[in-house]
Amino acid sequence: MDLDGADKERVLYQLKTKLSDGCLAFTDAESAEFFENAALCDDRLLAQYDSTGSIEKQALKEAVKQRKLFPCLFGSALKLNGVQEFLDCLNAYTTMPHYSNTFGAKVFKISEDNQKIRLTFLKVTGGSLKVKEVLSSKRNTAAEKVNQIRIYSGDKFSTADEAPAGTICAVTGISFARSGDGLGTEKDSGLPVLTPVLTYRLELPEGIDSHTALEKMRLLETEDPQLKVVWNSRLGEIQVQLMGDIQLEVLQAVIKERFGFDVTFGKGNIIYKETIKDTVEGIGHFEPLRHYAEVHLLLKPGKRNSGLVFSTDCKEDLLDKNWQRLILTHLYEKTHIGVLTGSPITDMEITLVSGRAHPKHTEGGDFRQATYRAVRQGLRTAESVLLEPMYEFSLEVPSESIGRAISDIQRMSGTFSQPETVGEFTVINGTAPVSEMSEYTREVLQYTHGKGRLTCSFSGYDVCHNAEEVIRFVGYDCDGDTDNTADSVFCSHGAGYIVKWDDVKTHMHLPSALAAPKESYIKTFSPAAVSNMKKQKDIFALDKELMQIFENTYGPIKRPETFVTRERYQPDTNKDSRYKRPKAPQTDGKEYLLVDGYNVIFSWENLRKLSESSIEGARNTLVNILCNYQGYKKCEVILVFDAYKVKGNQREIERVNNINIVYTKEAETADMYIEKVTHELAKKHKVRVVTSDGMEQLIILGSGALRVLSLAFLEEIHQAEDEIRQIIEAHN
């Protein structure tokens with residue numbers, strides 16, 4: 001109220017019209033006029049006023065608590081006008097909340113004392129807090145002890161052994177907490193209402209290096225959740241993201257007071273963001289020597305101002321749950337940038353739809369690389385859209401200036417509703433780009449001679465009105481940004497090589513999530529077709545698509561037409577030292593069937609449902625099915641179950657009826673065992689392997705065996721059961 005032209009009645013009118021009719025001046029809370037105005041805010045107050053001509057203080061306190069009455073007082077803290085009246089009103093017309101007996105607290109401030117000891121300010125909202133108590137938050141699982149509880153009064157404080165509910169205090173010893181964190185039963189606060197829309201370059205004085213300044217700025221960022229500090233490695237500079245000039249002046253003063261050096265700031269630039277227009281699949285592959293990871297992500301446009309949403313829709317039999325969680329972690333941990341201007345992406349749903357790990361060579365860092373590349377490759381494939389921040393504004397000007405105001409709003413690419421006339425003033429409400437309206441306040445004051453007023457609030461992001469101009473000005477080279485590459489790394493002949501983003505789909509190892517499944521992935525190989533195979537080309541003819549994948553990955557397969565041993569060719573002395581090829585080895589007629597047990601269980605619907613209640617029951621059911629199958633087909637069946645997670649476990653092989661059951665040893669997966677056995681058996685025998693694991697299928701094919709998809713094998717089981725049933729019926 002100490003500003004020039006301040007009008008108490010006008011301010012109270014604005015509060016009532018823009019906020020609530022329950023806003024009421026409490027400057028004279030015992031007068032008849034006050035009781036009459038308060039009675040209009042609630043039926044109970046009205047009834048009491050009609051019967052007694054006044055209203056009890058307890059009834060007023062209850063109305064305030066129920067948010068039907070909003071006390072308003074007028075004064076100036078700078079000049080100490082009305083401060084005591086405000087405190088008296090706060091004490092008289094508010095009610096202490098009820099606190100639970102379970103501990104809870106909300107962190108609202110981070111600071112340091114004169115000895116550079118970190119202070120975490122919080123309010124205890126339930127139970128009590130004691131010294132040496134261990135605290136943790138939902139955002140950070142780290143647990144730390146409270147060393148000291150301080151009750152502050154200005155710069156002075158007293159220590160306490162315990163802080164009951166309702167206490168506002170500072171604690172030492174806690175380093176993980178941030179402003180807005182909930183402790184105990186208290187929930188974390190939501191995102192700040194004010195979102196920074198401008199970024200400024202921090203210009204340092206001589207003698208202060210960037211590393212030191214960045215460390216100090218990170219400390220301020222921890223203390224103030226509305227301050228965002230960014231290190232731009234491409235430009236080699238510190239940037240701060242703020243709302244505008246006033247916040248900039250405050251930050252400048254804080255840096256001088258806290259750290260003892262003066263800073264200046266470059267001209268504020270708009271914080272742009274990027275999104276996509278259509279749904280695309282992003283593919284990232286990372287396979288240098290002895291590393292392997294492939295990630296497929298579905299990037300789908302989200303609602304405007306919805307932010308980023310990460311999820312998974314990938315089957316666990318395709319990619320283990322632990323790997324899926326790791327990929328989601330990598331999605332969350334990084335600020336992913338777009339390909340138009342290098343601005344952060346937003347308004348997208350990014351879903352993990354497929355992925356692959358290698359049983360031996362995959363490490364956690366491999367999936368980080370594959371995930372980052374998948375996001376980037378998807379953005380590179382999609383049609384990107386540049387977004388800019390928007391202001392929701394209310395412009396109040398004298399009626400004679402309305403023409404100029406409307407012309408300015410249209411010039412700034414803004415939109416507005418029908419102007420409203422209030423007395424001698426006209427009010428225009430609408431939206432406009434921050435880039436156009438951020439400095440418009442000065443113009444309003446000039447052409448209205450100080451009578452106009454512009455109020456702006458951030459309303460979110462929308463499509464940039466001058467996208468081409470901004471993109472050209474920024475000059476971002478997305479393909480030259482090696483820290484955010486869209487290319488993938490594949491391996492061939494023991495060496496890694498780069499595949500450009502637009503050629504990744506021709507090299508990827510997994511099928512596209514957006515493409516319909518091809519017939520070769522679901523076809524069934526009949527027993528007759530298998531029994532007629534005599535040459536390796538016969539195997540590949542049944543599975544041409546997998547053969548193509550194998551050769552794209554590992555190079556062309558150069559092997560003789562028949563299955564041959566590794567013996568060196570011997571010269572024939574009777575034919576002028578010409579070499580002759582040895583004959584194909586004679587097989588003993590045995591056919592081997594290797595079955596990845598858990599892969600089949602989780603692929604077959606009936607066994608998967610049974611495993612949810614009893615995994616042992618599912619195993620026994622599969623054993624019985626394979627025993628019947630073996631008895632009819634007369635092949636050698638080897639059923640393999642993973643037991644590699646059992647510490648100290650030794651490989652176990654048991655014979656049940658007419659099949660062999662293998663439980664792998666510690667650190668040996670079913671894939672590893674099958675790969676090794678297939679390599680040996682395929683030299684002299686016909687070998688088929690039942691699995692849906694894509695990597696295992698490639699290895700099988702390279703060994704000269706035949707892969708059978710788990711679901712395709714189920715059809716083969718049904719066919720065998722039908723034939724057995726027909727034989728029984730014929731004999732009866």
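Is glutamate 443 buried, partly exposed or exposed? Glutamate 443 counts as partly exposed, because its relative accessibility is 28%. Keep in mind as you look around that this is a predicted model. The protein chain has 732 residues, and 42% of them are buried. Here's a quick tour, starting with the whole chain and then zooming in on single residues.

**The big picture**

- The protein chain contains 22 helices and 35 strands.
- Take the contacts in the protein chain with a separation of 6 or more: 67% of them are between residues 24 or more positions apart.
- About 40,600 Å² of the protein chain is exposed, and carbon and sulfur atoms supply 49% of that area.

**Salt bridges**

- Side chains of opposite charge can pair when their charged atoms come close.
- Searching the whole structure turns up 24 salt bridges.
- One of the pairs joins the side chains of glutamate 443 and arginine 411, at 3.7 Å from N to O. This pair links distant parts of the chain, as glutamate 443 sits in helix 12 (residues 440-447) and arginine 411 in helix 10 (residues 402-411), 32 residues apart.
- Arginine 411 has 47% relative accessibility, so arginine 411 counts as partly exposed.
- There's a network of salt bridges here too: Arg404, Asp408, Arg411 and Glu443 are linked in it.
- Next up, arginine 608 forms a salt bridge with glutamate 612, and their closest N and O atoms are 3.2 Å apart. You'll find both arginine 608 and glutamate 612 in helix 18 (residues 605-613), four residues apart, which is about one turn of the helix.
- How accessible are these two? Arginine 608 counts as partly exposed because its relative accessibility is 27%, while glutamate 612 counts as exposed because its value is 60%.
- Then look at arginine 655 and glutamate 636, which form a salt bridge with the closest N and O atoms 4.0 Å apart. Arginine 655 is in strand 32 (residues 652-656) and glutamate 636 is in strand 31 (residues 636-641), so this pair ties together parts that are 19 residues apart in sequence.
- Arginine 655 has 48% relative accessibility and counts as partly exposed. Glutamate 636 has 22% and counts as partly exposed.

**Patches on the surface**

- A patch of negative charge gathers Asp7, Glu9, Asp28, Glu30, Glu33 and Glu36 on the surface.
- Let's pick one member of that patch: glutamate 36 sits in helix 2 (residues 32-39). Its relative accessibility is 44%, so glutamate 36 counts as partly exposed.
- The surface also has a nonpolar patch of about 470 Å², made by Leu80, Val83, Phe86, Leu87 and Leu90.
- From that nonpolar patch, find leucine 87 in helix 5 (residues 83-93). Leucine 87 counts as partly exposed because its relative accessibility is 43%.

**A buried leucine**

- Now go to helix 3 (residues 43-52), where you'll find leucine 45.
- Why does leucine 45 count as buried? Its relative accessibility is 1%, and buried means under 20%.
- Leaving aside neighbours within four places in sequence, leucine 45 is in contact with Ala38, Ala39, Ile55, Ala59, Leu60 and Ala63.
- For one of these partners, isoleucine 55, the C-alpha to C-alpha distance to leucine 45 is 6.6 Å, and the two are ten residues apart in sequence.

**Two positive phi angles**

- Most residues other than glycine have a negative phi.
- Asparagine 305 has a phi near 65 degrees, which is positive even though the residue isn't glycine. You can spot asparagine 305 in the loop between strand 20 (293-301) and strand 21 (308-312).
- With 44% relative accessibility, asparagine 305 counts as partly exposed.
- Aspartate 347 is another residue other than glycine with a positive phi, this time near 55 degrees. Its place is the loop between helix 8 (321-333) and strand 22 (348-357).
- Is aspartate 347 buried or exposed? Aspartate 347 counts as buried, because its relative accessibility is 1%.

Technical notes
Residues numbered from 1 in each chain as written. Predicted model: local features only at pLDDT ≥ 70, side-chain atom pairs only at ≥ 80, totals over all residues. Heavy atoms only, no water. Patch = residues over 30% accessible without salt bridge, like charges linked within 9 Å, V, L, I, M, F, W, Y side chains within 5 Å. Areas by Shrake-Rupley, 256 points an atom, 1.4 Å probe, with all protein chains shown as cover. Lys, Arg positive; Asp, Glu negative; His and termini not counted. Charge placed at Lys NZ, Arg CZ, Asp CG, Glu CD. Buried < 20%, exposed > 50% of the residue type's maximum accessible area, 1.4 Å probe, protein only. Contact = heavy atoms within 4.5 Å.
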